[in-house]
Amino acid sequence: MKTILYDLSPLDTLSRVRGIGRYVRELARGLSRVAKDADGLRIVGLVRVNWDGSYRITHDIGSFEGSPDVPQPDQADYYRWAYRRRLALFRAVRSIGADVVHLGDPNATPLFWSLSGGCKRIVTCHDLIPSRYPHLYFSYKDGGPVVGAMIARRRYATADLVVAISQATADDLVHIARIPRERIVRVYNGVDVERWGAPSNANPAEIAARYGLKKPFVLYVGDGDWRKNVEGMVGGLARARAQGIDVELAWAGKLSPARLESFERHAREAGVADAARALGYVPDEDLRELYRAAKAHIFVSRAEGFGLTVVEAMAAGCPVITTKAGSLAEVGGDAALTVDPEDHAAIGEAIVRLCQNDALREELVARGKERAPQFSIDVQARAMLDVYKRVAYGMA
């Protein structure tokens with residue numbers, strides 16, 4: 001019996017409420033659901049590592065949401081976690097007797113790994129966008145563009161195997177980080193498709209009205225850094241409204257004051273300030289109904305490692321407007337309208353088509369519901385079980 005140690009400790013950091021946290025949590029749920037297929041493996045969750053290498057683990061990996069003593073993680077929690085993992089993880093895995101450790105959060109590369117007792121290390125790469133655009137993403141705190149890119153590469157170069165969450169990310173690992181392709185395996189991200197597609201007694205229009213959305217709207221879900229292309233969203237909205245389409249843009253997501261101000265400024269400059277709404281944080285139960293009420297999910301990012309919300313929208317029954325950049329077209333396939341992220345006119349035309357053409361909307365909804373199960377957490381978890389077996393038993 002080989003022991004796989006799955007690191008849940010990022011859920012005690014700011015990652016809990018971000019994409020990496022969702023990845024860690026959803027994969028854990030998936031692994032717990034397919035545990036009966038884990039022949040020859042014992043999967044335990046690493047909840048915490050202390051400075052001296054002492055640790056807490058859980059066998060109920062599917063239920064862990066974060067430690068009760070860290071109810072709202074802050075930046076200080078993140079730095080404490082990062083240094084503990086760097087300096088003490090090798091002691092913890094040696095004490096546990098782990099054969100393989102899987103780090104779903106690639107940050108904070110463990111040091112002194114040769115002292116870990118021969119434990120193999122799997123690291124998930126979500127994207128290499130900072131390395132692709134180092135002057136935008138690597139500040140002096142990260143070592144600057146050159147050192148920051150070197151640190152990012154080291155995360156993957158020192159791993160026994162790297163899990164890429166899309167083919168686009170796998171290709172970037174080869175071409176940007178120079179990781180040999182034989183040390184990379186692609187395992188698509190998983191989404192709880194059943195939950196997002198589940199019928200409910202809620203009225204989507206009533207849920208939308210509760211958030212102040214009483215007109216047709218397109219829905220964006222996420223953060224607001226450069227790659228998310230706020231300019232493209234509001235520029236496309238302006239083009240659609242210029243063609244007489246009375247449509248709004250609704251943004252679901254907890255934004256920092258600076259990013260909220262940036263969104264409002266871009267909307268003013270595009271002349272659509274009265275049609276661009278920031279909804280703040282929206283719980284998943286309401287978000288599912290907003291997907292169903294929306295004319296489309298708009299996700300015109302300049303670069304993405306995967307695009308979880310594309311799958312959420314498809315599962316919920318919402319057509320998708322996305323881009324040809326990074327992995328988004330790869331995930332959306334023929335269930336999405338794809339555009340150039342810098343072509344605001346094309347983004348606007350896609351919005352117009354989905355506001356005016358009910359037959360097209362119904363076709364994309366049907367395709368999305370058919371496609372979404374390819375990215376379920378069960379599919380992801382079974383693929384990861386195969387990876388664990390290969391690494392643990394020396395087949396990778």
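**Entry 1: Arg 178**

I started in the loop between helix H6 (167–175) and strand E7 (184–186), where Arg 178 lies, and I note at once that the model I am reading is a predicted one. I looked up the backbone of Arg 178 and found a positive phi, near 60 degrees, in a residue other than glycine. I wrote beside this that most residues other than glycine have a negative phi. For the surface I read a relative accessible area of 56%, and because exposed means over 50%, I entered Arg 178 as exposed.

**Entry 2: Phe 112**

I then turned to Phe 112, which I located in the loop between strand E4 (100–103) and strand E5 (120–125). Here too I noted a positive phi, of about 60 degrees, although Phe 112 is not a glycine. Is Phe 112 buried, partly exposed or exposed? I recorded a relative accessibility of 47%, so Phe 112 counts as partly exposed.

**Entry 3: helix H11**

I went through helix H11 (residues 284–293) for burial and found this helix mostly covered, with seven of its 10 residues buried. The buried residues I listed in H11 are Asp 284, Asp 286, Leu 287, Arg 288, Glu 289, Leu 290 and Tyr 291.

**Entry 4: helices H14 and H15**

I next looked up how helix H14 (residues 344–356) packs with helix H15 (residues 358–371), and I noted an angle of about 95 degrees with the axes 5 Å apart. Since angles of 65 to 115 degrees count as roughly perpendicular, I wrote down H14 as roughly perpendicular to H15. Which residues meet across this pair of helices? From H14 I recorded Arg 353, Leu 354 and Gln 356, and these meet Asp 358, Leu 360, Arg 361 and Leu 364 of H15. Sorting this contact by class, I entered three nonpolar, one polar and three charged residues.

**Entry 5: the cavity**

Last, I searched for enclosed space, and the count came to one cavity of 30 Å³ or more. For the largest cavity I noted about 70 Å³ of space. Its lining, as I copied it out, consists of Ser 9, Asp 12, Val 47, Arg 48, Val 49, Trp 81, Arg 84 and Arg 85. Which elements supply at least two residues of this lining? I found that strand E2 (41–49) and helix H2 (75–96) each do so. By class, I recorded four charged residues in the lining of the largest cavity, together with three nonpolar and one polar.

Definitions and conventions: Residues numbered from 1 in each chain as written. Predicted model: local features only at pLDDT ≥ 70, side-chain atom pairs only at ≥ 80, totals over all residues. Heavy atoms only, no water. 1 Å grid on protein atoms, 1.4 Å probe; cavity = no way out; pocket = protein on both sides within 12 Å on 5 of 7 lines; lining within 4 Å. Points joined across faces, edges and corners; volume = space filled by probe spheres on them. Helix = DSSP H or I, 4+ residues; strand = E, 2+ residues; numbered from the N terminus. Nonpolar A, V, L, I, M, F, W, Y, C, P; charged D, E, K, R; others polar. Axes fitted to C-alpha atoms, helices over the stretch in contact; angles between N-to-C directions. Parallel < 35°, antiparallel > 145°, perpendicular 65-115°, else oblique. Contact = heavy atoms within 4.5 Å. Buried < 20%, exposed > 50% of the residue type's maximum accessible area, 1.4 Å probe, protein only.
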